[in-house]
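Reader: I've got the model open and I'd like to know what stands behind the labels people put on it. Can you walk me through them?

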Amino acid sequence: MTKHITGSMLYDLVQCPTRVYMDCFANPADKVEVSPFVRLLWERGSEHEADIVSKLGEPCLDLAQLPVIEREKKTIEAIRSGVPLIHGGRIRKDDLLGDPDLLRKTPYGYIAGDIKSGAGLEGNEDLSKPKKHYAVQVALYTDILLQLKISRSYEPFILDINGQTIAYNLLASLDKSGSTLWETYELSLQTARDIVAKRTSPGPACCAICKLCQWYEACKSEIKQLDDLTLIPGLGRSKRDALSMCIDTVEDMAQCNITAYTKGKKTIFSGIGPDSLLKFKQRAQLLKEPNPKPYLTESISFPTHSTELFFDIEVDPLRDFCYLHGFVKRTNFDNTTERFYGFFTEDESCSEERSEFRKAYEFIISNKPCSIYYYSKYERTIWRKLQSKYPTVCTPNDIEAIFDPENAIDLYFDVVTKKTEWPTNDHSIKTLAKYLGFSWRDKNPSGAASIEWFDKWVKSRDPGDKERILLYNEDDCRATRILLDGIKSL
Ligand code: SF4
């Protein structure tokens with residue numbers, strides 16, 4: 001039986017090729033349950049799609065509820081009779097199988113589109129670009145339509161979370177190299193075909209999306225057993241693959257002779273310079289030590305204000321809504337003075353989001369002069385966004401003043417990754433604070449879980465859900481303080 005290459009398979013492949021291999025060939029008994037957060041994403045995706053379709057404001061043939069075999073037949077019939085807009089159709093050509101959310105008739109034939117409950121583009125506003133995992137999906141539909149000779153267009157579209165239609169020009173150059181999304185698609189398609197035919201079997205690699213993946217446990221034990229290079233913090237799949245011709249394991253990396261791989265200012269490994277190779281070697285050596293201890297790679301000075309704020313926010317990306325600004329305040333470096341302040345939105349309205357943002361902003365101002373500690377650029381990015389959404393709260397300069405690096409320290413980018421080394425497999429706040437002996441009061445602490453609890457709270461207004469979110473956020477703030485003290489003690 002032909003194993004079809006589908007749009008969702010290419011979507012997964014761009015994020016992790018191992019997932020495609022596992023879905024095709026691994027034992028389904030090794031899968032863990034779908035996480036509640038992923039379930040929530042699915043539910044919200046379906047709700048969003050139904051909502052968008054109901055508001056299209058133009059006649060649309062809806063095939064989504066039909067059995068799959070009938071959907072395919074009816075789609076072809078509808079295309080032949082020139083139906084202007086089709087929802088939930090199914091198209092196929094040889095080994096390619098597509099389920100585009102929408103098929104729209106244009107002067108160039110039919111074009112396909114997907115409805116997404118995320119932003120249609122990625123990157124910051126000036127440099128936003130199409131998302132590759134969306135692009136390969138709509139490119140597959142386009143390929144089928146072109147091969148079936150019912151389209152001449154290479155411009156499918158994404159209808160995004162804001163109801164905006166974003167054209168994905170598959171033939172436009174993406175960067176200076178001139179590469180196009182169509183080339184990315186063709187490469188992904190070839191890899192998928194190779195995986196399905198067992199000509200290649202991409203090995204697992206530790207990455208950010210693993211924790212939400214159903215193959216997490218299976219991959220984790222294989223990665224450990226293989227002593228895979230992705231156990232080294234900062235060394236991801238593409239670097240692992242570049243190194244694999246000479247260096248296969250963490251042990252190999254710890255023992256390697258860097259000069260043997262260095263040519264002038266470069267190494268023989270694509271995308272890895274001598275400094276990075278040395279850093280990976282040092283990290284590998286630390287992981288292999290019998291009694292490893294974290295250490296500083298250069299001295300660090302922190303602000304000396306007697307008031308310290310440890311800051312963490314919670315955002316629901318599906319609602320594009322910031323629901324909590326949390327702070328742990330410490331005075332005179334005395335842990336007994338620690339107190340948590342949480343600015344939580346009591347509903348999902350813009351006025352409530354603005355009001356809590358204002359209170360959080362005024363809270364910082366009222367504590368000045370103070371040092372602010374946070375973990376990754378996320379807080380700053382979201383506060384810049386909130387400022388432009390609610391310019392009556394403060395000005396862009398006010399936000400920059402709050403995040404002035406003199407007093408506001410991003411412990412992740414500016415300290416942990418640049419000036420410290422840890423005997424851990426990643427540098428997440430959870431991993432490092434746990435390494436330092438801290439434990440979260442919740443059994444399942446994660447940002448994804450917090451979003452799921454918030455969704456429950458929106459539906460139930462159960463004070464228990466709100467309490468769980470606040471406790472989790474407080475622990476995140478406290479973990480940042482534990483980490484700061486841990487770094488100071490190195
Ligand atoms: S656990 Fe990670 S490596 Fe394994 S399939 Fe999932 S995303 Fe890929």
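**Domains and labels**

Author: The chain is divided into domain 1 (5–196), domain 2 (227–292) and domain 3 (307–488). Keep in mind that this is a predicted model.

Reader: How do you know where domain 2 and domain 3 touch, and how far apart are their centres?

Author: The C-alpha centres of domain 2 and domain 3 lie 34 Å apart. A contact, though, is judged residue by residue, with C-beta atoms within 7 Å. Eight residues from domain 2 and six residues from domain 3 take part. On the domain 2 side, that makes five nonpolar, one polar and two charged residues.

Reader: What makes α1 and α2 oblique to each other?

Author: Take the angle first. The axes of helix α1 (residues 7–15) and α2 cross at roughly 130 degrees and come within 5 Å. Roughly perpendicular covers 65 to 115 degrees, and roughly antiparallel needs over 145. The value of roughly 130 degrees fits neither class, so α1 and α2 count as oblique.

Reader: Which residues meet there?

Author: From α1 you have Met 9, Asp 12 and Leu 13, and they meet Pro 17, Arg 19 and Val 20 in α2. By class, this contact has four nonpolar, no polar and two charged residues.

Reader: α2 comes up again at the ligand. What makes a residue part of the shell there, and which are closest?

Author: The test is a C-beta atom within 6 Å of the ligand. 13 residues surround the ligand, and the closest are Cys 16, Pro 204, Cys 210, Cys 213 and Cys 219. The elements giving two or more residues to the shell are α2 (17–25) and α7 (216–226). α2 gives the most, with three residues.

Reader: How does the shell around the ligand divide by class?

Author: There are 11 nonpolar residues, one polar and one charged. If you're wondering about the cysteines, Cys counts as nonpolar in this scheme.

Reader: On to the strands. What makes β3 and β6 a pair?

Author: Two strands pair if there are at least two bridges between them. Strand β3 (residues 85–87) and strand β6 (residues 102–106) have three bridges, in the antiparallel sense, so they pass the cut-off of at least two. Inside that pair, Ile 86 has Leu 103 in β6 as its bridge partner.

Reader: How many bridges join β6 to β7, and what links the two strands?

Author: Five bridges join β6 to strand β7 (residues 109–115), and the two run antiparallel. A hairpin through two residues links β6 to β7. One bridge to look at is Lys 105, whose partner in β7 is Tyr 110.

Reader: Why are β1 and β4 called edge strands?

Author: Look at the order in that open sheet of three strands: β1-β5-β4, with mixed pairing. β1 (5–6) and β4 (91–93) each pair on one side only, and that is what the edge label says. Three bridges join β4 to strand β5 (residues 96–98), running antiparallel, and Arg 92 stands opposite Leu 97 in β5.

Reader: Which strands are at the edges of the five-stranded sheet?

Author: That open sheet has the order β17-β16-β15-β18-β19 and mixed pairing. Its edges are β17 (334–344) and β19 (408–410), each pairing on one side only. From one strand to the next, the twist averages 20 degrees.

Reader: In which sense do β18 and β19 pair, and what packs on this sheet?

Author: Strand β18 (residues 371–374) and β19 pair in the parallel sense over three bridges, with Ile 372 opposite Ala 408 in β19. Helix α12 (residues 378–389) packs on the sheet, touching β15 (307–316), β16 (321–331) and β18, and its direction makes about 70 degrees with that of β15. Helix α14 (residues 411–419) lies across β18 and β19, at about 55 degrees to β19.

Reader: How do you know that the peptide bond between Lys 368 and Pro 369 is cis?

Author: Check omega: it is about 0 degrees for the bond joining Lys 368 and Pro 369. Pro 369 lies in the loop between α11 (350–367) and β18.

Reader: And what makes Asp 320 stand out?

Author: Asp 320 has a positive phi of about 55 degrees although it is not a glycine. You'll find Asp 320 in the loop between β15 and β16.

Conventions: Residues are numbered from 1 along each chain as its sequence is written. This is a predicted model: local features need pLDDT of at least 70, side-chain atom pairs count only at pLDDT 80 or more; totals for chains, interfaces and linings use all residues. Domain bounds come from an automatic or database domain assignment. Two residues are in contact if their C-beta atoms, placed from the backbone, lie within 7 Å. Helices (H or I, at least four residues) and strands (E, at least two) are DSSP runs, numbered from the N terminus. Axes are lines fitted to C-alpha atoms, for helices over the stretch in contact, and angles run from 0 to 180 degrees between N-to-C directions. Angles under 35 degrees count as roughly parallel, over 145 as roughly antiparallel, 65 to 115 as roughly perpendicular and the rest as oblique.
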